[in-house]
Amino acid sequence: MDLFDVLTMIGGLSLFLFGMNLMGSYLEKAAGSSLKMLLSKLTTRKLMGFLTGMGVTAIIQSSSATTVMVVGFVNSGLLSLKQAINVIMGANVGTTVTAWILSLTGLESGDFFVQLLKPTSFTPVLALIGIVLTMTGKSERKKDIGMILLGFAVLMFGMDTMSDAVSGLKEVPEFRNILVMFSNPILGVIAGAALTGIIQSSSASVGILQALSATGQVTFGAAIPIIMGQNIGTTVTALLSSVGTNKNARRTAVVHLLFNVIGAVVWLIVFYALNGVFRFAFVALPIDQLGIAIVHTVFNLLCTAILFPFTGLLEKLACRIIPDAKTPDQIQILDERLMATPAVAISRCMEVTGSMARISMDAMKTACGVLKHYDDKIAQAIRETEDDVDQYEDMLGTYLVKLSGMDLSLSDSRQTAKMLHLISDFERISDHAVNVLESAEEMENKGLEFSEYARKELDVLISAVGEIMDLALESFLKNDVGLASMVEPLEEVVEALKEQLRTRHILRLQKGECTIELGFVWSDLLTSLERVADHCSNIAGCIIEMSHDSLDVHDYLGSVKAGSPGFLQAYDAYARKYALVE
């Protein structure tokens, strides 16, 4: 093996790692909706958690990405430690899929159909399809599929290049001596763990071992401890990602480490004890790519088999290693680790934005109630809620801006833009809740009181605003265009009500039935309530426009107010429902 073979091997390794990274990234991007569906099925049931972890890892081709995601979920309070353990076990089995795909490079047969299964036969076709889709595809999905195919083609080409470059090592005595050294189980485990820890991908390190097996010098005796060590090395990514997280997130990373270390130790002892008794003949035989895939899968299945019934003990052991602190942990509502999988991060943002919307609108309804029965404790709670909503807006805004700068799918990009557009409307509703509260406080402090007629009129407006908030909230949470389309007619009714109430107040002033001081409070209340309806209109308009791939809310509102039959019918119904008594 000369210098040029070494350079070729380095080039092949670089292409292999690049192809794996490229394919994995675009698989994550393309599988966004699948990931949401799988992760939404996470329950306390052990089998469901296991299958979810296995499915997600098989889709995105990376157990490291899955475990980092799980650490982020636990840190955000979305998963319990018990649930996370089941997912991690599934991820360890799901990661073996890659080795089976790579084992296709070792197929040897003169049969035409078997030859078609070799990557060297179909990879050029996939590369051609991939480049055509990437360069000419009009939809983003086609371009993503093209990049996945290109990543796979580069991955396989790198694998072949590596295998060809190292084939000369079979004549090098030093290389044979190194592999004999790794037959020592402890050295083999250390070597596998170190390599995987450095490149932070067990799939990639198993692929490198499969490439080296092309030399014919890698025996079963050397490969088995290395593969076990590779499973330990893959825990480095999760351990690094747990730095700075709460105790349960750190425990999740520790469970990942314990699972792989205990599994490796137990099965190393069992295997070498049995080998000492039965002297397995295959241990000294060369292993090929398929054999490595089989060993990798069998080892992970055996680890799961012995530890799956003892998830409770793993949980207790992790809690012993990382005990409870004196002060309770802070749950990080939006964890940046979730950004490794943007579709999941956006799904989490939707949940948090929904929470923000609910507490904002609840604050507004509570403030309207204070107008009838003032209470200092409730007033303080409204102000605290408004502070919470402000924090939600800052947190979500910062997180969403970071997300929008990432390589998102078209649907994820729209979702991000929608939330960025809407969080300010939700925040402003909580501001108006405080404005209504201040009007109630002014009336309480000055001993002011509306007349019976004025109270009844205000109740009608408050009821209309309550319904428009419910419509806007539900349309956002369900992304329901039908509900959103009902908001604008009601907003027009609220606008008309405000003008009617203002006119009636002027008449009462003229008759001496109301004071100027009460008039200022009345005017402030009407303005605050009407502006809440305006923000609900913005929310609904955004939802409708986003469904048509646009964000021009003003154009939408203009077209609606031009007088469509559906709008006029809804407007008439609301006008009758909220008609003032003469």
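**Exercise 1. Determine which residues Leu420 contacts, leaving aside its neighbours within four places in sequence, and characterise its setting.**

Solution. Once neighbours within four places in sequence are set aside, Leu420 is in contact with Gly397, Leu400 and Val401. The model under examination is a predicted one. Next, place the residue in the secondary structure: Leu420 belongs to helix α20, which covers residues 410-446. Then consider a pair separated along the chain: Leu420 and Tyr399 lie 21 residues apart in sequence, and their C-alpha atoms are 9.8 Å apart. Finally, classify the exposure. The relative accessibility of Leu420 is 30%; partly exposed covers the range between under 20% for buried and over 50% for exposed. Leu420 therefore counts as partly exposed.

**Exercise 2. Decide whether His256 is buried or exposed, and identify its contacts.**

Solution. Begin with the location: His256 sits in helix α15, residues 247-278. Its relative accessibility is 0%, so His256 counts as buried. Excluding residues up to four places away in sequence, His256 touches Thr67, Ile88, Asn92, Thr234, Thr235 and Ala238. For Ile88, the separation along the chain is 168 residues, while the C-alpha atoms of the pair are separated by 6.5 Å.

**Exercise 3. Describe the largest nonpolar core and the contacts of Ile539.**

Solution. The largest nonpolar core holds 91 residues, and those touching the most other members are Met361, Met364, Phe450, Cys536 and Ile539. Helix α24 (residues 516-547) supplies the largest share of this core, 15 residues. Another core, apart from the largest one, has 42 residues, including Val166, Ile227, Ile232 and Leu307. Now take Ile539 individually: with residues up to four places away in sequence not counted, Ile539 touches Met361, Leu422, Asp425, Phe426, Ile429, Ala472 and Phe476.

**Exercise 4. Establish why the protein is described as more spread out than a compact globule, and summarise its overall properties.**

Solution. First, the secondary structure comprises 26 helices and zero strands. Second, the radius of gyration is 32 Å, well over the 25 Å that the globule rule gives for 582 residues, so the protein is more spread out than a compact globule. Third, along the principal axes, the C-alpha atoms fill a box of roughly 110 × 60 × 35 Å. Fourth, buried residues constitute 51% of the 582 residues. Fifth, among contacts with a separation of 6 or more, 81% join residues 24 or more positions apart. Sixth, the protein exposes about 26,300 Å², of which carbon and sulfur atoms supply 62%. Last, the mean positions of the 44 positive and 61 negative charges are 7 Å apart.

Definitions and conventions: Residues are numbered from 1 along each chain as its sequence is written. This is a predicted model: local features need pLDDT of at least 70, side-chain atom pairs count only at pLDDT 80 or more; totals for chains, interfaces and linings use all residues. Side-chain values use heavy atoms; hydrogens and water are left out. Helices (H or I, at least four residues) and strands (E, at least two) are DSSP runs, numbered from the N terminus. The radius of gyration is taken over C-alpha atoms; the globule rule is 2.2 Å times the number of residues to the power 0.38. Buried means under 20% relative accessible area, exposed over 50%, partly exposed in between (1.4 Å probe, protein chains only). Contact means heavy atoms within 4.5 Å. Accessible areas come from the Shrake-Rupley method with a 1.4 Å probe; for residues, only the protein chains shown count as cover. Lys and Arg count as positive and Asp and Glu as negative; His and the chain ends are not counted. The place of a charge is taken as NZ of Lys, CZ of Arg, CG of Asp or CD of Glu. A nonpolar core is a set of buried Ala, Val, Leu, Ile, Met, Phe, Trp, Tyr and Cys residues joined through side-chain atoms within 4.5 Å.
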